[in-house]
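Please walk through the fold shown below, taking the sheet, then the pocket, and then the helices. The model is a predicted one.

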Amino acid sequence: MAVEPDVSPTARALLTLELVQASPGITAGRLADKLGVSERAARRYVGILREAGIPVESVRGPYGGYRVGRGLRLPPLTFSSTEALCLVMAILDGHHDASDTTSPVGSALGKILRALPEPVASQAEAVRRAAAPAPDRAAARPDPQTTTILVQACSEHRRVRLAYRSEAGSELDAEADPWAVVVRHGRWYLLCWSHGPGERRAYRIDRVRAVELLAAGFDPPAGLDPVAMLEEHLAVGWEYSVEVLVDAPFGTIASRVPRSLGRLEPAGPATSRLTGTTSNPWWYAEQLAALPAAFRIVSGPEVGHAARTLGERLLAAAEPAA
């Protein structure tokens, strides 16, 4: 498959090295197809590797091609389980501690950089030192060891016992059948069946204080869609209820209404009904304002008040200056 057109020359050079190592004797034409570039560009990336001190050899003739010579000796990479998991977590939710060499992410990244040829690694190291990413204040990163145990429990279909602290600070112990770990907007959730209340729950993994694997097993729901189920779960059970009629057919508007707003269903040939709950009427009103269709709040005075106030502010903002 061809790479994306915005991949940097250094990245393409590294892809070239990977392809040559994986397929000794690969031709310039085949290499170009894999990279999604012209043969001339493919030869240029081979040249970049040679300039970096990597002995890429070429053999002429109908059966010739590129191969890596014997002079290349990359040190083996050995990651600890914590480094490996943290590297995956960094990719999934955008950790910002890659420049900290004492962190698991920074340590793993350092090993990768040390395995690269110096001219290539020096550029990446310069970016690592100089980059200043803005922190995601909404992100809540869980303990890697806790996450490891929960992922293992999901994979092995084993029940767990959780010590959990709610957002309000309440402590609870729960036995649960862990169905899936889901990452949503920088937060990690355990989607599960909680045996105490006897219902589906989504626990924030950063609030899990302790976890224990139990011997009991379970069968996850058939056809489980963890992301869709989490979105639906996060739209129910909150303090303020709301019902909204949207002036658009269900088939037209369904893909434009986030699942986190609640359940959407047909209410007529040209109308859809949205029912949900929220802990933040202002946020809910802002989401409704973004719908590409007219709507009417049938019930839910808190959301109705927020929508009315928001509308008045927008109207006032549109008035010409006196």
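Strand S3, residues 158–165, is joined to S4 by six bridges, and the two strands run antiparallel. Within this pairing, alanine 163 stands opposite aspartate 173 of S4. The pair belongs to an open sheet of five strands, which follow one another in the order S6-S5-S4-S3-S7 with antiparallel pairing. Its edges are formed by S6 and by strand S7 (208–217), each of which pairs on one side only. From one strand to the next, the twist averages 45°. Helix H8, made up of residues 226–233, packs on this sheet and touches S4, S5 and S6, while its direction makes about 125° with that of S4.

The strands touched by H8 also lead to the largest pocket of the predicted model, since strand S4 (171–184), strand S5 (187–194) and strand S6 (199–204), together with strand S10 (271–278), each supply at least two residues of its lining. Which strand gives the most to that lining? It is S6, with four residues. The pocket has a volume of about 970 Å³ and is lined by 26 residues, among which Glu167, Tyr189, Leu234, Trp238 and Ser279 lie nearest its centre. By class, the lining comprises 11 nonpolar, nine polar and six charged residues.

Elsewhere in the chain, helix H3 offers a view of how helices cross. The axes of helix H1 (residues 9–22) and helix H3 (residues 39–51) come within 9 Å and cross at roughly 85°, and H1 and H3 are therefore roughly perpendicular to each other. On the H1 side, Pro9, Arg12, Ala13, Thr16 and Leu17 take part in the contact, and they meet Tyr45, Val46, Ile48 and Leu49 of H3. Sorted by class, this contact of H1 with H3 has seven nonpolar residues, one polar residue and one charged residue.

Helix H2 (residues 28–35) also crosses H3, their axes coming within 8 Å at an angle of roughly 95°, which makes H2 roughly perpendicular to H3. Here Ala28, Gly29, Leu31, Ala32 and Leu35 of H2 meet Glu39, Ala42, Arg43, Tyr45 and Val46 of H3, and the residues of this contact divide into seven nonpolar, one polar and two charged. Tyr45 and Val46 of H3 thus appear in the contact with H1 as well as in the contact with H2.

How values were computed. Residues are numbered from 1 along each chain as its sequence is written. This is a predicted model: local features need pLDDT of at least 70, side-chain atom pairs count only at pLDDT 80 or more; totals for chains, interfaces and linings use all residues. Side-chain values use heavy atoms; hydrogens and water are left out. On a 1 Å grid over the protein atoms alone, a cavity is a set of points where a 1.4 Å probe fits but cannot get out, and a pocket is an open set with protein on both sides within 12 Å along at least five of seven lines; lining residues have an atom within 4 Å of a point. Grid points are joined across faces, edges and corners, and a volume is the space filled by probe spheres set on the points. Ala, Val, Leu, Ile, Met, Phe, Trp, Tyr, Cys and Pro count as nonpolar, Asp, Glu, Lys and Arg as charged, and the others, Gly among them, as polar. Axes are lines fitted to C-alpha atoms, for helices over the stretch in contact, and angles run from 0 to 180 degrees between N-to-C directions. Angles under 35 degrees count as roughly parallel, over 145 as roughly antiparallel, 65 to 115 as roughly perpendicular and the rest as oblique. Contact means heavy atoms within 4.5 Å. Two strands pair if DSSP finds at least two bridges between them.
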